[in-house]
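Hi everyone, thanks for making time for this. I'd like to walk you through one model, so please have the viewer open and follow along.

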Amino acid sequence: MRHRSSSITDRLIRPFQEFFHTEAASGMLLLLCAVVALAWANSPWGATYQALWETKLTIGPEGAALSKSLLHWINDGLMVLFFLLVGLEIKRELLVGELSSPRKAGLAIAGAIGGMVVPALLYLTLNAGGVGERGWGIPMATDIAFALGVLALLGRGLPVGLRVFLAALAIVDDLGAVLVIAVFYTAELSMGALLAAAVVWGLLWACNLLGVRQLWIYGVLGVVLWLAVLKSGVHATVAGVLLALTIPARRKIDGEAFLTQAQTLLEVFRKSPGTGRLLSEDQRDAVYSLQQACEHVEAPLTRMEHGLHGLVAYFVMPVFALANAGVALGGDSGLSLTHSVTLGVVLGLLVGKPIGVLLTAWLAVRLRLAELPAGVTWGQLLGVGCLCGIGFTMALFIAGLAFPDPLLLDQAKVGILSASLLAGLLGWVFLARARKIHQAKALSA
């Protein structure tokens, strides 16, 4: 009985463990790409850094081709895959994960709301009515890869519930960032393109309701959806989240049915030996049927999510960091650490995030809307709140939408990079201390 219970527990936590380790490793690669970008932009070859990302790239047939800079292709095109993965994670968490019930989701939702609202308000205290006002959404963001990467450096001396809380909070935070981008960082709208996007989205939902499970069909319609959203004035990456919501999350057969089918097919395979190196016809049929059963027992959503994780973690996000983190810091660039935009971003991420997360989480627990995970303390939550101040990927993305002025954008980038580094260090210090206390209590128990 104990073995069976352990096996069930392993199956339940394995997807989270895989997700955590992928994001943690991705955080280290992101840091390396950010360092390379900064070093390159401030080297004697800094001009080549800017020239590379401004290179025009034209895709498509003549007369209907899209011509954008390499930077825009990365931010408007490649990052759609990042937002598609975010959307899949949000949908999964809402259906079966930490956000599937109000009681389970309460603490993460409360922390995320506070971690978005308080930083935005602190930013506006320095920039309301000024040229930097549009940047209020920048310090709302949390970079889950970096945050989980720092948590991974601390090893296993902290409660599992703390990791789950951070991952769930970051996913809610991503949902908030997507809504902010869609509502507040949208250009003039084209109603014709919006109508086209709505029609394609309706087709995607029809595929879902009709039981279509072939991911390539959703992929083809997803490209059309992206083109329509791109032309509509809404930022193109929102198409990734809209597509994710339509991906089927239901399995065709349950675990017991799969086990029965698999055992039957394996028995057929065993009793129908092939000749030489070739399989018999019965064996080929059994192998094909087993492949079909493997597809039917796993939802298309989880298949797509699993397939995208490595691509996004080890290619999309590092390329984005390399293209967006380079800021020329010296000379007559006009950058200043005392600029209101830079200070607003630093204040929001470094002070607003931990205060907002801790305050609203405390209120949720006090009002009995949520409860602390087993073994988690308020000191540990403070450390997690600091880690939420690592804005990086999403913060850089929102900064690019908020500031068409290159100088204001660079001011925001300086604030993001500075605050993210300090927030990571602070979070590590607080959590390292909390880990020692946690381990001491565990030994004395």
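I'll go through the core, a few residues, the cysteines, a pocket and some backbone angles. One thing to keep in mind throughout is that this is a predicted model.

Let's start with the core. The largest nonpolar core has 119 residues. Which of its members touch the most others? Those are Phe-82, Phe-83, Ile-138, Phe-392 and Phe-403. As for where the core draws its residues from, the largest share is 12 residues from helix α6, which covers residues 160–184. For general background, in soluble globular proteins nonpolar side chains tend to be buried together.

Now please zoom in on Phe-403. You'll find Phe-403 in the loop between α15 (392–402) and α16 (406–444). Is Phe-403 buried or exposed? With a relative accessible area of 3%, Phe-403 is under the 20% cut-off, so it counts as buried. If we set aside the neighbours within four places in sequence, the contacts of Phe-403 include Tyr-123, Val-131, Arg-134 and Ile-138. Val-341, Leu-408, Leu-409 and Ala-412 are also among the residues that Phe-403 contacts, again leaving those neighbours aside. You may remember Ile-138 from the list of residues that touch the most other core members. For a sense of distance, pick Leu-57: Leu-57 and Phe-403 are 346 residues apart in sequence, and their C-alpha atoms are 23 Å apart in space.

Next stop, Thr-246. Thr-246 sits in helix α9, residues 238–246. Its relative accessibility is 0%, so Thr-246 counts as buried. What does Thr-246 touch, not counting residues up to four places away in sequence? The answer is Lys-91, Trp-201, Leu-204, Trp-205, Asn-208 and Tyr-218.

On to the cysteines, for anyone about to set up topologies. How many disulfides are there? The count is zero, using a cut-off of 2.5 Å between cysteine sulfur atoms. Take Cys-386 as an example: the nearest cysteine sulfur belongs to Cys-388 and is 9.0 Å away, and Cys-386 is in no disulfide. Cys-386 is buried, with a relative accessible area of 6%. Cys-33 also counts as buried, at 13% relative accessibility.

Now for a pocket. The second largest one has a volume of about 740 Å³. There are 27 residues lining this second largest pocket, and the closest to its centre are Leu-71, His-72, Asn-75, Gly-400 and Leu-409. Leu-409 should sound familiar, as one of the contacts of Phe-403. Which elements give two or more residues to that lining? They are α2 (46–53), α3 (70–96), α12 (300–324), α15 and α16. By class, the lining breaks down into 14 nonpolar, eight polar and five charged residues.

Last topic, the backbone. As a reminder, most residues other than glycine have a negative phi. Here are two residues with positive values. Arg-368 has a phi near 60°, and Arg-368 is in the loop between α13 (340–366) and α14 (378–387). At 71% relative accessibility, Arg-368 counts as exposed. Phe-392 has a positive phi of about 30°, and Phe-392 lies in helix α15. Unlike the exposed Arg-368, Phe-392 counts as buried, at 2% relative accessibility.

That's my tour. Thanks for listening, and I'm happy to go back to any of these spots.

Definitions and conventions
Residues are numbered from 1 along each chain as its sequence is written. This is a predicted model: local features need pLDDT of at least 70, side-chain atom pairs count only at pLDDT 80 or more; totals for chains, interfaces and linings use all residues. Side-chain values use heavy atoms; hydrogens and water are left out. A nonpolar core is a set of buried Ala, Val, Leu, Ile, Met, Phe, Trp, Tyr and Cys residues joined through side-chain atoms within 4.5 Å. Buried means under 20% relative accessible area, exposed over 50%, partly exposed in between (1.4 Å probe, protein chains only). Helices (H or I, at least four residues) and strands (E, at least two) are DSSP runs, numbered from the N terminus. Contact means heavy atoms within 4.5 Å. On a 1 Å grid over the protein atoms alone, a cavity is a set of points where a 1.4 Å probe fits but cannot get out, and a pocket is an open set with protein on both sides within 12 Å along at least five of seven lines; lining residues have an atom within 4 Å of a point. Grid points are joined across faces, edges and corners, and a volume is the space filled by probe spheres set on the points. Ala, Val, Leu, Ile, Met, Phe, Trp, Tyr, Cys and Pro count as nonpolar, Asp, Glu, Lys and Arg as charged, and the others, Gly among them, as polar.
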